[in-house]
Amino acid sequence: MAKLKIVIAGAPVLREVAQPVERIDKKLQRLLRDMAETMYAADGVGLAAPQVGVSKRVVVIDVGEGQVLGSEGCLSVPDYEGEVERSEYVECEFTDKTGQRMLLSASGLLAICIQHELDHLEGILI
C-alpha cells in the first residue's frame, strides 16, 4: 500500500464531477487500499478519489464508533471547519470493492460522512 497525496482546495479535480467506475479490477482495488491508508494517516473518517487527484466515483469511509459533530472538516481544506446542513439519515446503493451491489441505511456520523464524500464526487467542497 502507498500513502497518496491529498490535493488541496484550488485543484481543478475537486470541482469536477467524477467519472463512473467501468469495472472493478486490481488497479481499482489498489486505489481503494491506498486511499484507506491515506485516510487513516490523515486521521480522517472518509476520503473520495478526487481528493487524491483521481476523477473516479470512489470513496472509502470508516467512522468507527465516532459521534456526530456539530461542524465538518475536510482533508482537502486543511485548518477549516464549518457548519454544514446534512440529512440525519440516508439510504444508498453502492458497489463494493468485489463488485457486489449493496444497500446501506445510515444515520449519525456515517450518514454525514457519506453525504460529504458523495459531494466530492459531484465537485462540491465543504
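Tyr89 finds its bridge partner in S6, namely Ser107. This pair belongs to a longer register in the predicted model: strand S5 (residues 89-95) runs antiparallel to strand S6 (residues 101-107), and seven bridges join the two. Five residues lie between the strands of this hairpin, and among them Gly99 adopts a positive phi near 95 degrees.

From the hairpin, it is natural to turn to helix H2, which covers residues 108-121. For its 14 residues, a rise of 1.5 Å a residue predicts a span of 20 Å, and the end C-alpha atoms are 21 Å apart, so expectation and model agree. Is the helix enclosed or open to its surroundings? Ten of the 14 residues are buried, and H2 is therefore largely enclosed by the rest of the structure. The buried set includes Leu109, Ala111, Ile112, Cys113 and Ile114, together with polar names such as Gln115, His116 and Glu117. His120 and Leu121 are also buried. The cover over these residues includes both strands of the hairpin, S5 and S6, as well as strand S1 (46-48), strand S2 (59-61) and strand S3 (72-74). After H2 comes Gly123, again with a positive phi, here near 80 degrees.

Cysteine chemistry can be settled by distance. The sulfur of Cys74 has its closest cysteine sulfur in Cys113, 10 Å away, which is too far for a bond. Cys113 is accordingly in no disulfide, its nearest cysteine sulfur being that of Cys74 at 10 Å. With sulfur atoms required to lie within 2.5 Å, the count of disulfides is zero. Both residues are nonetheless shielded: Cys74 is buried with a relative accessible area of 8%, and Cys113 counts as buried at 5%.

At the level of the whole chain, two helices and six strands are present, arranged along the sequence as α-β-β-β-β-β-β-α. How does the overall size compare with that of a compact globule? For 126 residues, such a globule would have a radius of gyration near 14 Å, and the chain has 14 Å, which agrees. Along the principal axes, the C-alpha atoms fill a box of roughly 40 × 35 × 25 Å. Buried residues account for 36% of the 126 residues. Among contacts with a separation of 6 or more, 64% join residues 24 or more positions apart. The exposed surface amounts to about 7,800 Å², with carbon and sulfur atoms supplying 51% of it.

Note on methods. Residues numbered from 1 in each chain as written. Predicted model: local features only at pLDDT ≥ 70, side-chain atom pairs only at ≥ 80, totals over all residues. Heavy atoms only, no water. Pairing = 2+ DSSP bridges. Helix = DSSP H or I, 4+ residues; strand = E, 2+ residues; numbered from the N terminus. Expected span 1.5 Å × (residues − 1). Buried < 20%, exposed > 50% of the residue type's maximum accessible area, 1.4 Å probe, protein only. Contact = heavy atoms within 4.5 Å. Rg over C-alpha atoms; globule rule 2.2 N^0.38 Å. Areas by Shrake-Rupley, 256 points an atom, 1.4 Å probe, with all protein chains shown as cover.
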